[in-house]
Amino acid sequence: MVNRRDFVWGAATSVGAMTVLSSETMSLNVIYPNHDGARFDTSYYRSTHIPLAMKVMKAARVILIEGVPMGSAPAPYAMIAHFQFASSEALKAALANPAMAEVRADVATFTDIKPTVMLGKSL
């Protein structure tokens, strides 16, 4: 069986990657499940909501994954936002920031989808 850490390290070093995530990297993943008739304003999300979230949370970086249809099947998720933090302390500070109320309130501006939130740790 392939050891995931060795595989990721080997893949990263074989392509000359300069940055490898440490085991201390934490993430906040916000997942917007798609459904018939779902409203999701990608333009507003990228130009307004994500800059607000980054300002408030002070995440190290964010990766946005927009769902695309698979053939005739709709994308299972409208969007996934993967916010990365340097440590569990940085993630805890982000979540404890009172300004997170503004970030959460802004969600209704661009979608009617109730997001799923998952905390994670990169290995």
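1. Met54 is partly exposed, its relative accessible area being 23%. The cut-off for buried is under 20%, so at 23% Met54 falls in the class between buried and exposed. Met54 is located in helix H2. This is a predicted model, and the values here should be read with that in mind.

2. Which residues does Met54 touch beyond its neighbours within four places in sequence? Its contacts there are Ala59, Arg61, Val62 and Phe83. Arg61 and Val62 belong to strand S2 (61-66) and Phe83 to strand S3 (77-85). Ala94 is 40 residues from Met54 in sequence, with a C-alpha to C-alpha distance of 9.6 Å.

3. On the overall layout, the protein has four helices and four strands. Along the sequence they are arranged as α-β-α-β-β-α-α-β. The protein has 123 residues, and 31% of them count as buried. Considering contacts between residues at least 6 apart in sequence, 78% join residues at least 24 apart. The accessible surface is about 7,900 Å², and carbon and sulfur atoms account for 61% of that surface.

4. Helix H2 spans residues 42-57. At its N-terminal end the cap is Asp41, which places a side-chain oxygen 3.2 Å from the backbone nitrogen of Ser43. After the helix comes Lys58, with a positive phi near 55°. Within H2 there is a bend of about 35° at His49, and Pro51 follows within four residues.

5. Which residues of H2 are buried? They are Tyr45, His49, Ile50, Leu52, Ala53, Val56 and Met57. His49 therefore appears both as the site of the bend and among the buried residues. The cover over the buried residues of H2 includes strands S1, S2 and S3 as well as helices H3 and H4.

6. Helix H4 covers residues 100-110. Met100, Val103, Asp106, Val107 and Phe110 are its buried residues. Viewed down the helix axis, these buried residues fall within an arc of 125°, so they line one face of H4. As background, an α-helix has 3.6 residues a turn, so residues three or four places apart point the same way. Ala105 and Ala108, on the other side of H4, are exposed. Among the elements covering the buried residues of H4 are S1, H2 and helix H3 (88-96).

7. The aromatic pairs come to seven. One of them is Tyr32 with Phe110, an edge-to-face pair with 6.0 Å between the centres and 70° between the planes. Tyr32 is in strand S1 (residues 26-33) and Phe110 in H4, so this pair ties together parts that are 78 residues apart in sequence. Are these two residues buried or exposed? Tyr32 has 2% relative accessibility and counts as buried; Phe110, at 0%, is buried too.

8. Phe110 also pairs with Tyr45, in this case with a tilted geometry: the centres are 5.0 Å apart and the planes are at 55°. Here the link runs between H2, where Tyr45 lies, and H4, where Phe110 lies, across 65 residues. Tyr45 and Phe110 are both buried. One aromatic cluster takes in Tyr32, Phe40, Tyr44, Tyr45 and Phe110.

9. Where does Thr111 sit? Thr111 is in the loop between H4 and strand S4 (116-121). Thr111 has a relative accessible area of 4% and is buried. Its side chain makes two polar contacts with backbone atoms: the oxygen of Arg39 at 2.6 Å and the nitrogen of Ile113 at 3.0 Å.

10. Beyond neighbours within four places in sequence, Thr111 is in contact with Tyr32, Arg39 and Phe40. Tyr32 and Phe40 are also members of the aromatic cluster that includes Phe110. Arg39 is the residue whose backbone oxygen the Thr111 side chain reaches.

Technical notes
Residues numbered from 1 in each chain as written. Predicted model: local features only at pLDDT ≥ 70, side-chain atom pairs only at ≥ 80, totals over all residues. Heavy atoms only, no water. Phe/Tyr/Trp six-rings, centres within 6.5 Å; stacked < 30°, edge-to-face > 60°. Helix = DSSP H or I, 4+ residues; strand = E, 2+ residues; numbered from the N terminus. Buried < 20%, exposed > 50% of the residue type's maximum accessible area, 1.4 Å probe, protein only. Contact = heavy atoms within 4.5 Å. Polar contact = N/O pair within 3.5 Å; in protein donor to acceptor, adjacent residues only side chain to side chain. Areas by Shrake-Rupley, 256 points an atom, 1.4 Å probe, with all protein chains shown as cover. Arc of directions from axis to C-beta. Bend = angle between axes of the 7 residues up to and from the residue.
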